[in-house]
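Q: Please take a close look at the charged side chains of this model and the salt bridges they form. I would like a connected account that also covers buried charge and any unusual backbone geometry.

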Amino acid sequence: MPSQELPSWDERTSSEEVGALYLHVPFCVRKCAYCDFASWATREDDEILHRYAQSLGAELSVWQKAGLLHGLRTAYIGGGTPSMLGKDLAGLAARIAALGVQELTAEANPESVTAELLGTLKEAGLTRISIGVQSTDDHELRLLGRIHTAKQALWALREACAAGLDVSADLMCALPDETDESWGRSLADVVAAGVGHISVYPLMIEEGTAFAKRYGRDAEPAWNDPDVQARRMVAAERMLSAQGFSRYEVASYAKPGRACLHNQAYWSGLSYLGLGTGASGMLSRPAYERARRVLPQLPELEPDIYRIRLTDTTSRKDYAAAGPQDLHFTLELLTRRQALAEDLMLAARMSRPLDPSLVAAALAEPSMGAGAALAKAQDEGLLDGRLAVTEKGWLLGNELFGLFWDCAGDAPTKVQKV
């Protein structure tokens, strides 16, 4: 979302409507060894897939009637493996497309992609597909617990391009047994498949995953240490830039006109809704008050709360059987100061300079210390004179994010379950 199209920070963080919609599909054929997302291994013929898709549609109707979706620009169906829903995914896509969104994305794994499904999704109104490739080395894929092959992944990318969809490929680096050479081949393979967008990110060993059990005794395996991660990310930037891709976000590269609008909405402070078990949304206070009209289980807010993060904690089985008023949530409540600090941190993921209206609002907030944080980031070479992230800032992202998040003061208030 180009910066010139953005309203001011105050305008976009106080709207009664949401600009983006995320729908979560928590089903996979098999759980990957590194995955800590809300997803569960499920048979493809399990009736819960159909019932869950119906519940997503019912919740969508509730939010539409509440008026929260009038300003919707982008939607993203993620998982899990949304492509497991088959025709039900096309039905959801058609309902969302009818809302007039500018961009509609669904995630897919190669093993569940067919030419027929791609054609059906395109006809239903899907504009974009993000395919979880991760690697084009079969040995690396097996170690990750992926069930597709490199051949299947590259076929899916080419078929999706041929179907007329904007296609993104996800790749992971700093993997077990990965080498600089195999990483270069994975990058070259997906570029050759004709995609317009590539996301690259280092593998993170998350607590509670099979990888954590396998490698947990070594806090930092040699194949995943920060130097390896940095080297692979630098190699990706050099190779993809030479192939006509531009880095517009810390982990995302796109050909001209192919940057993901939905991703950019997350980093711009726009309100968004999350539908489905495990999904998170972020609402302005006015949007939250509108949501309370249809979800009476949501609590009243203290006067100083500016932004609310809602995470659906309803189990997948209950979600598939429940109505919207039966859903359960955890809440994270942010003051204006905390929202400003969070948005400075999120904006630092982007290649464009920090939004001037955001910077001005942060500098005007008493006791926030934003001016000192910005000056330190420039002094340390993490931001340049335009307040854009430097190459050093990309590689030392946690330091930059920490500078801005320290401006938040106290941690946001958490409401464990409603």
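A: R336 counts as partly exposed in this predicted model, with a relative accessibility of 24%. That value places R336 in the intermediate class because buried requires under 20% and exposed requires over 50%. The side chain of R336 meets that of E365 in a salt bridge, with N and O 3.4 Å apart. This pair links distant parts of the chain, 29 residues apart: R336 belongs to helix α13, and E365 to the loop between α14 (356-364) and α15 (370-379).

Helix α13, which spans residues 336-347, also carries E342. E342 forms a salt bridge with R309, and the closest N and O atoms of that pair are 2.6 Å apart. Here too the partners come from distant parts of the chain, since R309 sits in strand β13 (residues 305-312) and the separation is 33 residues. Both partners are buried: R309 has a relative accessible area of 15%, and E342 has a relative accessibility of 8%. R309 and E342 are also members of a salt-bridge network that includes R307, E332 and D343. The structure holds 17 salt bridges.

A further salt bridge joins R386 to D384, with 3.5 Å between the closest N and O atoms. R386 is exposed, at 54% relative accessible area, whereas D384 is partly exposed, at 25%. L387, which follows in the numbering, lies in the loop between α15 and α16 (391-395). L387 has a positive phi, near 65 degrees, although this residue is not a glycine. At 17% relative accessibility, L387 counts as buried. Most residues other than glycine have a negative phi.

R146 offers a contrasting case of buried charge. R146 is buried and has no salt bridge. The nearest side chain of opposite charge is that of E111, 5.6 Å away, so this pair falls outside the 4 Å limit for a salt bridge. R146 does have polar partners. The side chain of R146 makes a polar contact of 3.1 Å with the side chain of Y34, and a polar atom of the R146 side chain lies 2.7 Å from the backbone oxygen of G132. R146 is placed in the loop between α5 (138-144) and α6 (150-162). Beyond its neighbours within four places in sequence, R146 contacts several residues, among them R30, C32, N109, P110 and L141.

Q134 is also in contact with R146, and its backbone deserves attention. Q134 has a positive phi of about 70 degrees without being a glycine. Q134 lies in strand β6 (residues 128-134) and is buried, at 5% relative accessibility.

One peptide bond should be examined as well. G79 and G80 are joined by a cis peptide bond, with omega about 15 degrees. G80 lies in the loop between β4 (74-79) and α3 (87-97). Most peptide bonds are trans.

Finally, an arginine also appears at a pocket. R258 is one of the residues nearest the centre of the second largest pocket, together with G257, A259, L261 and Q264. That pocket has a lining of 19 residues, to which β9 (246-249) and α10 (261-266) each give two or more. About 330 Å³ of space lies within the second largest pocket.

Conventions. Residues are numbered from 1 along each chain as its sequence is written. This is a predicted model: local features need pLDDT of at least 70, side-chain atom pairs count only at pLDDT 80 or more; totals for chains, interfaces and linings use all residues. Side-chain values use heavy atoms; hydrogens and water are left out. Helices (H or I, at least four residues) and strands (E, at least two) are DSSP runs, numbered from the N terminus. Buried means under 20% relative accessible area, exposed over 50%, partly exposed in between (1.4 Å probe, protein chains only). Lys and Arg count as positive and Asp and Glu as negative; His and the chain ends are not counted. A polar contact is a pair of N or O atoms within 3.5 Å; within protein, one must be able to donate a hydrogen and the other to accept it, and residues adjacent in sequence count only if both atoms are side-chain atoms. Contact means heavy atoms within 4.5 Å. On a 1 Å grid over the protein atoms alone, a cavity is a set of points where a 1.4 Å probe fits but cannot get out, and a pocket is an open set with protein on both sides within 12 Å along at least five of seven lines; lining residues have an atom within 4 Å of a point. Grid points are joined across faces, edges and corners, and a volume is the space filled by probe spheres set on the points.
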